[in-house]
Each structure stands twice: as C-alpha cells, then as structure tokens.
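Reader: Please take one part of this model, the packing of one pair of elements, and look at it closely, then set it beside some single positions elsewhere in the chain. I would be glad to have the cut-off stated wherever a term depends on one.

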Amino acid sequence: MTEMPPQEAPAAKTPGTPRPVRQLLAASVGNAVEWYDWYAYTFLATYIADQVFPKSSGNSLVPLLSTFAVFAVGFFMRPVGGLLMGAVADRHGRRLALTVTILLMGGSSLLVGLTPTYAAAGIMAPVVLVLARLLQGLSVGGEFAASTTFLVESAGPGRRGLFSSFQYVSTSIGQLAASGIAALLVSVLAQGQMDGWGWRVPFVVGALLSLVGFWIRRGAHETRSAEQQRGERPGLFDALRHHPRESLLICGITAGGTIAYYTWTSYLPTYAELNTDIDKADALLAGTLSLAFFTLLQPIGGLLSDRFGRKPSLLFSGIGFAVLSVPLLRAVNGSFLSLLLVQCAGMVLLTGFTSISAAVNAEVFPARVRAAGIGFPYSLTVAVFGGTAPYVGTLFKDLDRPGLFPWYVAVLCLVSSAVYLRLPESAHKELER
C-alpha cells in the first residue's frame with residue numbers, strides 16, 4: 001500500500017484534533033443550560049415576589065422591586081466569577097472552567113427551587129434566595145469568560161463571527177426554554193398551583209439539565225495552545241494590570257449592548273405589564289416568539305460580520321437603539337401585536353451586537369490573559385447596566401416617571417456608539433493563539 005504523506009497523517013489520525021461541530025455543541029449545550037437557569041428567575045419574578053418577600057400594605061410594587069433587587073445582586077457576583085473562572089481558564093484550561101461553572105449553576109438552580117416561602121421561614125426565605133443568586137452570578141460570570149474564549153478559539157479562519165454567534169444562539173435557546181416552560185405552566189396551572197409549587201418546577205428541571213451539560217463538556221477539546229500550557233501561568237490581575245486600555249474598551253463596547261439586551265429579552269414583558277393592561281400570559285407568549293426569531297438571526301449576523309467587518313454591525317445596533325428606543329418602547333400599547341412587533345424590531349437591532357460580541361471581545365485581548373481579560377470588565381459592565389435594567393425600569397414606574405426609562409436606554413446606546421466609531425476593525429486579522 002502507498003504510504004500517506006507525513007504531513008497529512010496528523011490531520012486524519014491525531015485523536016486530539018478538535019471537531020468544529022463537537023466544539024460548538026460542547027459550548028452551546030452547557031451555555032444554554034446555564035442561561036436557562038439564570039433567566040427562569042426573570043420570567044417568574046412576579047411569583048417569586050409573592051412567595052419569598054413580605055407584602056407591603058402601602059405599595060404593591062415593593063415585593064417586585066425586592067425581587068428585581070435580588071436579580072441585580074446576582075449580577076454583581078458576575079465580575080468575581082469572570083475574574084476567578086477566567087483565571088482558571090487561562091491557567092488550567094478552558095474545558096476545566098466550563099465544567100466547574102455548569103456544576104455551580106446546577107446547584108444554585110436547585111437552591112432557588114427549594115427556597116422556602118416567607119410565610120414558612122420568615123427572613124430566611126429571602127436570605128436563601130440571595131445566596132442562590134450569588135452562586136448563579138458567580139457561575140454565569142465565569143461561563144461567559146470561558147465559553148467566549150473557547151468558542152472563538154475553536155473557530156476556523158474567517159469563521160470567528162459565525163462561531164461567536166453561537167454564544168447568543170445557545171443563550172437564547174436557554175432563555176427560550178425558560179420562557180416557554182414558564183408560559184406553559186401559567187397556561188395549564190391554576191393561580192393557586194403556580195403560587196404554591198408551579199414556579200419551582202423550572203429550577204428543579206434546570207438542576208437536572210446541568211448534569212447533562214456537565215457530561216457533554218467533559219468530552220470537549222482543550223483550545224488553550226501547547227505553548228500557553230508550557231508557559232508561565234498568568235496572575236489573577238495580570239489582564240487588568242498590563243492591559244488597562246483594553247479593559248476599559250470592553251466596558252465601552254458592552255454598556256449600550258447590555259442595557260438593550262436585558263431590556264428587550266428579559267424586562268420587556270414585565271415593562272408591558274407594569275405600563276399597560278396587557279395580559280400576563282400574552283406578555284410571556286410575545287417574549288417567547290420574539291426570542292425564537294432572535295435565535296434564528298444570530299448566525300446571519302455572525303456571517304455578515306465575517307464578510308463585511310465588526311464595526312458596521314456594532315454601529316447598526318448602537319445607533320439604531322439610540323434613535324429608536326424611545327419610539328419603540330412608547331409603541332407598546334397593551335395589545336399582544338404591539339408588544340410582539342416592538343420586541344421583534346428590537347431583536348433585529350440587537351443582533352448587530354449580540355452575534356459578534358464574543359468575537360469582538362476575544363479579539364481585544366492576547367491569548368495568555370484572554371478569558372480573565374474578557375470576564376471581569378464585561379461582567380462588571382453587565383452588572384452595572386444590564387443587571388439593574390429591570391430594577392431601574394420598575395423604579396421609574398414606582399416614581400411615576402415610566403417615560404424616563406426609554407431615554408436611559410437610548411443615552412447608553414449612544415455612548416457605546418461613540419466607542420464603536422473609534423474601534424479598529426479586527427474581523428480579518430489573525431487571532432493570537
């Protein structure tokens with residue numbers, strides 16, 4: 001038999017060669033489970049508020065405000081998770097960090113599902129909920145740092161944008177599953193059943209799904225290069241100490257995108273309920289349908305950025321939201337159709353940011369500190385602007401100034417648009433390995 005040329009043998013025979021589809025599956029399945037758990041809390045916030053927090057005789061919004069405050073508290077653990085798990089990914093490998101984050105999320109999801117009611121446990125009920133959200137925040141912060149790096153480093157030449165888009169494909173699938181299950185439970189269970197035990201079901205399901213994600217991720221191929229593995233391990237704060245400009249750049253890139261993302265994908269059904277007379281089930285259904293639409297858009301956005309560059313996509317999203325946030329949010333009038341159209345219009349604009357966020361972030365930092373470099377500034381910005389979006393929107397309503405919230409979104413998107421204008425194009429540059 002004729003021998004195979006030496007240079008071809010490794011590509012065909014080496015057992016450690018990564019397979020792109022398998023790499024995408026490992027990142028996407030685990031990421032979907034992570035974000036399913038995270039978003040289930042948002043979609044069931046009104047039920048959690050009724051059961052876990054004491055009712056106020058003077059203001060019916062106080063329990064909901066408390067629930068969204070706990071939602072925001074979870075976000076403030078995300079920078080810690082991004083820094084710690086990012087350092088694990090940079091020092092010990094992306095795969096190890098990904099397996100740790102999925103287990104943390106499963107445990108914290110189960111804790112939310114088992115949280116006692118205020119009537120049964122008093123002040124311990126919100127304490128347990130806060131603890132669970134802190135653990136979830138730690139996990140999600142680490143997840144973004146590790147999975148962003150893992151996805152982009154797994155991409156072939158000219159495909160970083162496409163691979164990047166699966167960050168939000170999987171995030172949206174998890175969010176879609178959370179929204180769909182919440183809508184299904186609301187439609188089939190009586191109000192008393194939802195208040196009593198129905199709201200707990202999605203969190204228990206999430207804990208079980210995390211075990212599936214853990215099993216899949218164990219078989220992923222490590223993307224940290226052999227040179228990195230042999231080299232000196234980076235310190236915990238090396239990225240911040242040696243790359244302060246890049247860290248600030250991540251903050252500027254993220255601020256507008258994250259407020260738009262959490263407004264349109266998480267808070268908008270609640271915004272509609274608070275400011276119009278829309279039915280709760282209709283609001284959840286509109287959110288579910290728009291998320292399905294958003295998921296389909298992501299690979300298209302990633303492919304377009306690989307062809308035409310990152311800056312046009314970012315500017316389309318940032319300037320679009322700066323100009324249209326106010327008229328779009330004012331167009332929500334209480335009908336199912338108006339909410340669905342507003343959400344879908346926002347999803348089109350949002351795709352310009354979300355489909356390439358992972359690629360843009362990864363292209364900013366060198367490989368040695370990429371995961372931690374992305375994780376901390378990104379998660380900190382999301383905590384400050386994204387995680388507080390539901391609370392700020394509800395607070396404006398409580399202060400009888402609901403019209404200020406759309407302007408708040410528009411201004412932040414305008415600030416990020418100014419950053420995008422000065423951002424160097426990186427789509428066609430080789431990624432440092």
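Author: A residue is called buried under 20% relative accessible area, exposed over 50%, and partly exposed in between, using a 1.4 Å probe and protein chains only. By that count, 58% of the 433 residues of the protein are buried. This is a predicted model, in which local features need pLDDT of at least 70 and side-chain atom pairs count only at pLDDT 80 or more, while totals for chains, interfaces and linings use all residues. Residues are numbered from 1 along each chain as its sequence is written, and side-chain values use heavy atoms, with hydrogens and water left out.

The confidence of the prediction comes before the packing. The pLDDT, which is the predictor's confidence in each residue on a scale from 0 to 100, averages 83 over the protein, and 90% of the residues score at least 70. Residues 1-16 stay under 50, and for this stretch the model has five contacts beyond four places in sequence, a contact being heavy atoms within 4.5 Å. Where pLDDT is low, the predicted coordinates should not be read in detail.

The protein has 21 helices and zero strands, where helices (H or I, at least four residues) and strands (E, at least two) are DSSP runs numbered from the N terminus. Among contacts between residues at least 6 apart in sequence, 87% join residues at least 24 apart, and the pair chosen for the close look also brings together separate stretches of the chain, residues 78-92 and residues 370-386.

These two stretches are helix 5 and helix 19, which pack at an angle of about 170 degrees with their axes 7 Å apart; the axes are lines fitted to C-alpha atoms, for helices over the stretch in contact, and angles run from 0 to 180 degrees between N-to-C directions. Helix 5 is therefore roughly antiparallel to helix 19, the labels being roughly parallel under 35 degrees, roughly antiparallel over 145, roughly perpendicular from 65 to 115, and oblique for the rest. On the helix 5 side, the residues that meet helix 19 are Arg78, Pro79, Gly82, Leu83, Gly86, Ala87, Ala89 and Asp90. Helix 19 answers with Arg370, Ala371, Ala372, Gly375, Phe376, Tyr378, Ser379, Leu380, Val382 and Ala383. Sorted by class, this contact has 11 nonpolar, four polar and three charged residues, with Ala, Val, Leu, Ile, Met, Phe, Trp, Tyr, Cys and Pro taken as nonpolar, Asp, Glu, Lys and Arg as charged, and the others, Gly among them, as polar.

Single positions can be set beside that pair, beginning with helix 16 (residues 310-330), where Ser313 lies. Ser313 is buried at a relative accessible area of 14%, and, not counting residues up to four places away in sequence, it touches Ser305, Gly352 and Ile356. Ser317 is found in helix 16 as well and counts as buried at 4% relative accessibility. Outside its neighbours within four places in sequence, Ser317 is in contact with Leu349, Leu350, Gly352 and Phe353, and its C-alpha lies 4.9 Å from that of Gly352 although the two residues are 35 apart in sequence.

Another serine, Ser147, is found in helix 8 (residues 124-154). Its relative accessible area is 0%, so Ser147 is buried, and beyond the four-place window its contacts are Asn31, Leu98 and Gln167. Leu162, which is found in helix 9 (residues 160-188), is buried at 18% and, with the neighbours within four places set aside, is in contact with Pro299, Gly302, Leu303 and Asp306. The C-alpha atoms of Leu162 and Val152, 10 residues apart along the chain, are separated by 9.1 Å.

Helix 3 (residues 45-52) is mostly covered, with six of its eight residues buried, namely Ala45, Tyr47, Ile48, Ala49, Gln51 and Val52. Of these, Gln51 has a relative accessible area of 18% and is buried; leaving out neighbours within four places, it is in contact with Thr117, Tyr118, Asp195 and Trp199. Gln51 and Ala119, 68 residues apart in sequence, are 7.7 Å apart in space, C-alpha to C-alpha.

In contrast to these buried positions, Asp400 counts as exposed at 58% relative accessibility. Its place is in the loop between helix 20 (389-398) and helix 21 (404-422), and its phi is near 65 degrees, a positive value in a residue other than glycine. Most residues other than glycine have a negative phi.
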